[in-house]
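Here are a few exercises to work through with the sequence and the model side by side. Try each task on your own before reading its solution.

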Amino acid sequence: MGVITAQQITKYYDMYRDTDVTFTKEIIRTLHLDPRQIYIKCSEGQWPCIINSTSLITAKIIVGTKEGGAYTALKSSQEKSMIVNLRYCFLQVDAQPIMFFVSARVTNIEPYMNSQDLAIITLQFTQRPPDDLIESLGSLLEANVNALKRKEERIVLSEDTRRKLNLVQMETIVQVQAVPRNCILRDLSFSGAQVILKGLAAFIKDKEAVLRLDFDGPRETINIPGVVVKAENVGERKDIVAASIKFNEDAIPMSYKMHVNNYLTTIRKTMFNS
């Protein structure tokens, strides 16, 4: 988790507490959630479960309906209005995992997608969850909001901005019509990028492209598909092109949005403080 102020935590909680986040594979990977370490604790027992979704005030988990296990204990807890505890676990880069329990009450139990073997349990938190959960969900949801509100805001790349973005290097690969080409990143935004590469503008414009980006913290390679919407010669060179790529909006990875959002919000805070 990053360094974040108590004021920002409160802002995240107030803005996003009712917003559900469904744990798709991409979201699990982006938030570094460890699904193997998610447990529900109740009636002096503890069982592994699948977390289906969470907000900052509720969560939905999936458990098996086998008698004598979590399902039986959760039904009993609902009937007696007893407190249960849901354990979250987030992995950190080169550090100990962050684990914590959130206390809740069972408010609903129903079959999961009409299955006789699985049930989905709705949990209502009894208090504000730990700051680590608020930070994780808040930063994710903020990145989604800003990806729409600030999608055209350009980040001109330099060695300084590269480091702040956790971008490994500005030299990378762009595939144009499935042909890989070396290029240099000139700028990035939520919605696109501009790169410098060898080629003829007429043969690059309007072509499908996939841009590769390598990030640190944690180390990951992100490939973003799009289309070259503009291509023009650089200076007097006929064989060097500045190509503007517009990303396919539905295919922009969540982790990329978070890298861009973290940079933009950090810069905004720095300007505000100064």
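**Exercise 1. Find which residues have the most contacts inside the largest nonpolar core.**

Step 1: The largest nonpolar core holds 44 residues. Such a core is a set of buried Ala, Val, Leu, Ile, Met, Phe, Trp, Tyr and Cys residues joined through side-chain atoms within 4.5 Å; buried means under 20% relative accessible area and exposed over 50%, with partly exposed in between (1.4 Å probe, protein chains only).

Step 2: Ile40, Ile61, Leu74, Leu86, Tyr88, Ile121 and Leu123 have the most contacts inside this core.

Step 3: Apart from it lies another core, of 34 residues, with Cys183, Val241, Ile245 and Ile252 among them.

A word on the input: this is a predicted model, where local features need pLDDT of at least 70 and side-chain atom pairs count only at pLDDT 80 or more, while totals for chains, interfaces and linings use all residues. Residues are numbered from 1 along each chain as its sequence is written, and side-chain values use heavy atoms, leaving out hydrogens and water.

**Exercise 2. Work out the strand order of the sheet and place Ile61 in it.**

Step 1: Strands (E, at least two residues) and helices (H or I, at least four) are DSSP runs numbered from the N terminus, and two strands pair if DSSP finds at least two bridges between them.

Step 2: The open sheet has eight strands in the order β1-β4-β5-β8-β7-β6-β2-β3, with antiparallel pairing. At its edges, β1 (21-22) and β3 (45-48) each pair on one side only.

Step 3: Antiparallel strands β5 (residues 58-64) and β8 (residues 118-125) are joined by seven bridges. Isoleucine 61 stands opposite isoleucine 121 in β8.

**Exercise 3. Decide which residues of α3 are buried and which are exposed.**

Step 1: Helix α3 (residues 70-80) lies across β2, β3, β5, β6, β7 and β8, running at about 80° to β7 (axes are lines fitted to C-alpha atoms, for helices over the stretch in contact, with angles from 0 to 180 degrees between N-to-C directions; contact means heavy atoms within 4.5 Å).

Step 2: Ala70, Tyr71, Ala73, Leu74 and Ser77 are the buried residues of α3. They share one side of the helix because they cover an arc of only 165° around the axis, taken from the directions from the helix axis to the C-beta atoms.

Step 3: Glu79 and Lys80, on the other side of α3, are exposed.
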